[in-house]
Amino acid sequence: MLGEGELVVVFPEGDPSPDGRLHRGNPEVAWLALATQVPVVPVGIELPEREGMGGRTLSRMLGPTIAFGKPLDFSRYWTSPALSDALDGVLLRGCTAEIMAAIGELSGQLYQDDTPAQAKELIRQRRHREAEERADNYPTLWEQRRRAAIEREQLRVEDQRDLERAAAEAARNARRYADGGAGERPRR
C-alpha cells in the first residue's frame, strides 16, 4: 500500500497507553518507513481530561484532539548500505526514537522508556503492593480479639492493684484505730 502511495496508520506503541504516558515505540515502524522509502507523518492524539461526575460523558462528546506534525524525512538512510545487524538495530532504534519524540511533542505526553505491557505490569505490581499494605494495616479478627484480651488483662491488673491498695489502707486504718492512735474511727 505504501509503495502505491496509500496512507497507512500505525500505532508505534502497539497497545494503548495504560497510564497516559508515551511509551517506547516498536522499531518495525522505522523499518517500514526505511524499507519503503516513505516519510513518516507523526500524529499526536490527546484525550480530554475526565473530571467530575459528567467527565466521561463530556470526554465522549469532546473527543480526542489530533495534531499532525511535519513529515519526518529518513532519506539520509535510504542509500546507506547496512553494515551489520547490530548497526541496523541501532539505526532502527534511533529512527523510532525520533518518531516517538515528534509524537510526544504533538501530544504533550511524557516519554517513558518501556513498553505499554511493561507499564501495565508495573501498575499491576504497584496495586498489588498497595493492597498488601492496606491488608497489613487492617487487623485480622484474631488480632482484634488478642488486643481486646490484652486490654481486659490490663484492666484486671489495674483493678487488682486498686483492691490491694484499698485493702492496705483499710489495714492501716484498722491498726490505727486498734492502737487508739487516731482517736477517730474510720467512717464506713
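Leaving aside its neighbours within four places in sequence, with which residues is cysteine 95 in contact?

## Cysteine 95 and the nonpolar core

In this predicted model, cysteine 95 is in contact with Ala30, Leu34, Phe74 and Tyr77, once neighbours within four places in sequence are left aside. Cysteine 95 also appears among the residues with the most contacts inside the largest nonpolar core, a list that further includes Leu34, Val40, Leu72, Phe74, Ile99 and Ile103. That core has 14 residues. Helices α1 (28–36) and α3 (85–107) each supply at least two residues of it, and the largest share, 6 residues, comes from α3.

## Helix α4 and its buried side

Helix α4 comprises the 22 residues 116–137. At 1.5 Å a residue the helix should span 32 Å, and the distance of 31 Å between its end C-alpha atoms agrees with this. The buried residues of α4 are Pro116, Ala119 and Ile123. These residues lie on the same side of α4, because they cover an arc of only 55° around the axis. Strand β1 (22–23) is included in what covers the buried residues of α4.

Helix α4 also contains a salt bridge between the side chains of arginine 124 and glutamate 121, with an N to O distance of 2.7 Å. The two residues are 3 residues apart in the helix, about one turn. Arginine 124 is partly exposed, at a relative accessible area of 46%, and glutamate 121 is likewise partly exposed, at 32%.

## A salt bridge between α3 and a loop

The whole structure holds 5 salt bridges. Side chains of opposite charge can pair when their charged atoms come close. One of the salt bridges joins glutamate 98 to arginine 76, with the closest N and O atoms 2.9 Å apart. Glutamate 98 belongs to helix α3 and arginine 76 to the loop between β3 (65–68) and α3, so this pair ties together parts that are 22 residues apart in sequence.

Both partners fall between the buried and exposed classes, whose limits are under 20% and over 50% relative accessible area. Glutamate 98 has a relative accessibility of 30% and therefore counts as partly exposed. Arginine 76, at 46%, also counts as partly exposed.

## Helix α5 and its end

Helix α5 takes in residues 141–179. Its 39 residues should span 57 Å at 1.5 Å a residue, and its end C-alpha atoms are 57 Å apart, in agreement. Glycine 180 follows α5 and has a positive phi, near 75°.

Within α5, arginine 156 forms a salt bridge with glutamate 153, the closest N and O atoms being 2.7 Å apart. About one helical turn separates the two, because they are 3 residues apart in the helix. Arginine 156 is partly exposed, with a relative accessible area of 45%; glutamate 153 is also partly exposed, with 38%.

## A positive phi at glutamine 37

Where is glutamine 37 placed? Glutamine 37 lies in the loop between α1 and β2 (43–46). Its phi is near 55°, a positive value in a residue other than glycine. Glutamine 37 has a relative accessible area of 42% and is therefore partly exposed.

Conventions:
Residues numbered from 1 in each chain as written. Predicted model: local features only at pLDDT ≥ 70, side-chain atom pairs only at ≥ 80, totals over all residues. Heavy atoms only, no water. Helix = DSSP H or I, 4+ residues; strand = E, 2+ residues; numbered from the N terminus. Expected span 1.5 Å × (residues − 1). Buried < 20%, exposed > 50% of the residue type's maximum accessible area, 1.4 Å probe, protein only. Arc of directions from axis to C-beta. Contact = heavy atoms within 4.5 Å. Core = buried A, V, L, I, M, F, W, Y, C linked by side-chain atoms within 4.5 Å. Salt bridge = Lys/Arg side-chain N within 4 Å of Asp/Glu carboxyl O.
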